[in-house]
There are 2 protein chains.
Amino acid sequence: MAKQIKIKDIAAMAGVSVGTVDRVLHNRGNVSERSLKAIEQVLAETGYKYNIHTSAISLKKEYNIAITTPIAVKGEYWGAVRDGIMHAINEYSDIKLNCTFFFYNQFDIYSCRSSFESILEQSPDAVIIGPTFKSETQRLCKELDDKHIPYVFVDAVIEGTSPVSTYSTDQYACGQLLGRMLDTFTPEDSEFAIMSSQRIGNERSSNSLARKKGFQDYFRSKGMQNRIHETSFSVLDPAESERKVLSFLNENPKIKGMAIMNSRGYILADILRKNGIKEICLISFDLTQNNIKGIKDGTIGAILCQRPELQGFHALKSLIRQLLYNQKEETVNHTMPIDIIVRENLPYYREFFEM
Amino acid sequence: MAKQIKIKDIAAMAGVSVGTVDRVLHNRGNVSERSLKAIEQVLAETGYKYNIHTSAISLKKEYNIAITTPIAVKGEYWGAVRDGIMHAINEYSDIKLNCTFFFYNQFDIYSCRSSFESILEQSPDAVIIGPTFKSETQRLCKELDDKHIPYVFVDAVIEGTSPVSTYSTDQYACGQLLGRMLDTFTPEDSEFAIMSSQRIGNERSSNSLARKKGFQDYFRSKGMQNRIHETSFSVLDPAESERKVLSFLNENPKIKGMAIMNSRGYILADILRKNGIKEICLISFDLTQNNIKGIKDGTIGAILCQRPELQGFHALKSLIRQLLYNQKEETVNHTMPIDIIVRENLPYYREFFEM
DNA sequence: GTTATATTTGTGTACGTGCACAAATATAGT
DNA sequence: ACTATATTTGTGCACGTACACAAATATAAC
C-alpha cells in the first residue's frame, strides 16, 4: 500500500520529460547517453513498477502471437494446453492480441516443418512452442533468435535454444514417482511392465524416454531392475494389441503393475476391462477424457498430471510481460507440480488454475 | 478479440448519459424507473463487461478489508493462507486496499470473540473469514449480514451464513482418499490407526471430524471397519505421547498404517524416526515445514494438501470482484483439489499458483 | 401559477501510460 | 557562420471508467 512511483516522478527526478522516460522504458532508442544513464539510475533506485492497468488501456499496438503445438484435441493433453492459453487471452482481453495457432501432426515431421515455415513467414511478435522434433525446433529457434522474436516453451525444453522462459515438468522425476507408486500399490514380489505404444515408425518422444529412465532408475536403486518387463503395442490396431498384451501377461503372470510413459493408458484400460483383469494396477499420464473414464471405473489406478492448462496460461502471460514490459526474466525453467490423481480426488481437479 | 462494448455505447443504446449508466452499474441509486429498466435491458442484451484496467485507475475509493483466521505462522497452514492473500494484494496493488489481519487463537474461544468484536467495531467494507468456532462465526456473520458487509470463507464453510463465496476442500473426500491410500500402501491384512492429537480441553475441528468420517466410511464400505484402531496423544507433552504411542503400537502389532486428521503428523513422525520404526506408513495433512521434513526422510509416507495459498488468493480476488463490480456470483462453493504429495513430487509443489 | 425542494440527469475532469507530432538541440557540410 | 540534416526532447491527446458538481426536470406546498 506504499505509494506507487509514476513515470512522471521518474521524469522529475531524472530532470527530463515523461516522453524520454517512456523511450527508455520501451527501448525505443533516440535517447542521449546522458539522459539514458540518469533515467536508468533513477529507475534502479526507485524500483519503478509498471501500472499494468493503465499501460494496457493506452496500448495502441497490436501483437501477433504464433502458437505452435501438436494438434490440440478437446479433452486431451494439447487441448488442455490450448485451454490455458485461451484463458490467458481472455484474462488479457484488453490487450490487442492476434493469436494464430499453427498445429502440426506430432507424428509427421513434414507437417511440423511446414508449420514452422508458416510461422517464419508471418514473422510474429512472439511465439509459443510446444516442441516435438528436436532439430526442427532448434532450427526454428535459431531463426527466431536472428529476428529477435521472443519465444517460450511449453511441455518440454529443447537444448541449444534461448527462450524467454519455459513451462514444463521434470519428466525424470515423473518416472521415478511412477516407479515408486507402482511399487507401493502392488503386493511384494510383484513384477512390472513398461508398455510402449507404437505408431508408424518408431519415433519416441524425449519426454517418454526421460520418464522411462526415471522409472528404471527407481527400480535399479532398489535392486529390482530384473522385475521390469517391457513390451509394445500398436495404437492403431486394437485387436492385434489386445492379443499381444494378453499373451504378454500370460507369459509373465507375476506382473501386477503396468506403466505407460504417455497418455495412452486408456487403450490398456480397455483391454483390462474387457477381459475382467482386476489385479493389475495400471498407471498412465495426463488427465484426458479417456483416462478419466478408466480412473472412474477402476481400470486405471492412478494418473500423473503436469498441469497443462497452467503451462499454457503462464506461457502466454510470460510473453505478454516480455512484450509489454521488457521484463527479461533470465530464462527461468518453471517446473510444474506433478499431480497424482486417483478416483477419490478426481472430481476436484477441474481446471482450477486462474491464479 | 471481438470489440468490447463500452459504457459510452451502453449509454447511447439506452438513450441516457454515461453518468446514469454508471449509477446503475454501481447501485448508486437516484435513477428513475424508466432509465433503470432501459439500461438493465441493454446491459443484459450486450453482456457488458467491465474493463478492470480502467476502472482500477479511476477508482478513488479506499476499501477496508478485515481478515480473520487462526494465527498465521510462517510455514504452517494458516501462514500459507495468508501468503495467498498477500499475493492477491500484491497483484491488485493498484486498488487501494487497506487490509487488516485479526488473528485469533484457534484453541481459545475468547480470543476469537475479541477478534470478531474488533472487526465489527471497525466496520470494514468486506471480510475474509477462516472459521473455527461455529456459533461465534454464525453470530459474526449475522451482524455482517445486517450491516450488508460481504464476506467470504476460506478453509471451511459454516452453515446458516450467506457468504459471497467460499473456498474450501471436501473434507469427507479427503478422509476417503486417506483411507484408500493407507489401504493400498500397506500389505494385506494390515490394521490401521487413527491418531487424534489433543490439547487442553477436547475441542475437535469439524474438518477433522469430516475427514475421520470419510476415512471410516472407506473401510466400512470394504467391510474392514474392524481393522481400525483409535488412540490419542498430547500435542503439548511429547515424552508422554511417545510412551503412549509406543505402547499402543505394541498392543496392536498388525498396525501398518497410521492416519492423523490434521497437520500434526510430524509429531508422530518424530516418534517413528526416534525409535527406528520403518514398516509403518504415516499419512498426514498439510504441506507444513515440519511435515516436509518427514516426507523427505521417509517417516511420513504421504501428505494430503488443499492448496491454502490458492484459497487465500481467490478469497481476496472474489471480494474485490464483489466490491468493485458487484458481481453477485450466487454463493459458489469452490472446492479445491486435494493434492497427494510424496517424496518424489515434493520439490515441485512450491507456491505455484499465481493464475 | 409560483416558489421551494427533491429527484434525476448530464458534463467535465482525473487517473497513469502510450505514442504521434512538434519543438529544440546537436552535428555535418560547405 | 549558415544551411541542411540528424538526433534528442517535450507536449498533448487518447484510452475507458469513477465521481464530483452543475444542470435539468419532477414533485410538493401554497
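**A walk along DNA strand C**

Start by selecting A:D22: one of its polar side-chain atoms sits 3.2 Å from a phosphate oxygen of DNA strand C, a polar contact here being a pair of N or O atoms within 3.5 Å (within protein, one must be able to donate a hydrogen and the other to accept it, and residues adjacent in sequence count only if both atoms are side-chain atoms). Keep in mind that this is a predicted model, where local features need pLDDT of at least 70 and side-chain atom pairs count only at pLDDT 80 or more, while totals for chains, interfaces and linings use all residues. Residues are numbered from 1 along each chain as its sequence is written, chains are lettered from A and ligands numbered from 1 in the order written, and side-chain values use heavy atoms, leaving out hydrogens and water.

Next, pick A:R28, with a polar side-chain atom 2.9 Å from a phosphate oxygen of DNA strand C. Then hop to B:S35, where that kind of distance is 2.4 Å. Now colour α4 (52-58) of chain A plus α2 (18-25) and α4 (52-58) of chain B: these are the elements giving two or more residues to the surface near the strand. Helices are DSSP runs of H or I, at least four residues, numbered from the N terminus.

Show everything near DNA strand C (a heavy atom within 4 Å). Of those 27 residues, A:Y48, A:S58, B:S17, B:S32 and B:S35 come nearest. On the DNA side, 69% of the strand's atoms within 4 Å of the protein belong to sugar or phosphate, the rest to bases.

Finally, zoom out to both chains. 100% of chain B's interface residues are also interface residues in chain A, so the copies meet through the same surface; contact means heavy atoms within 4.5 Å.
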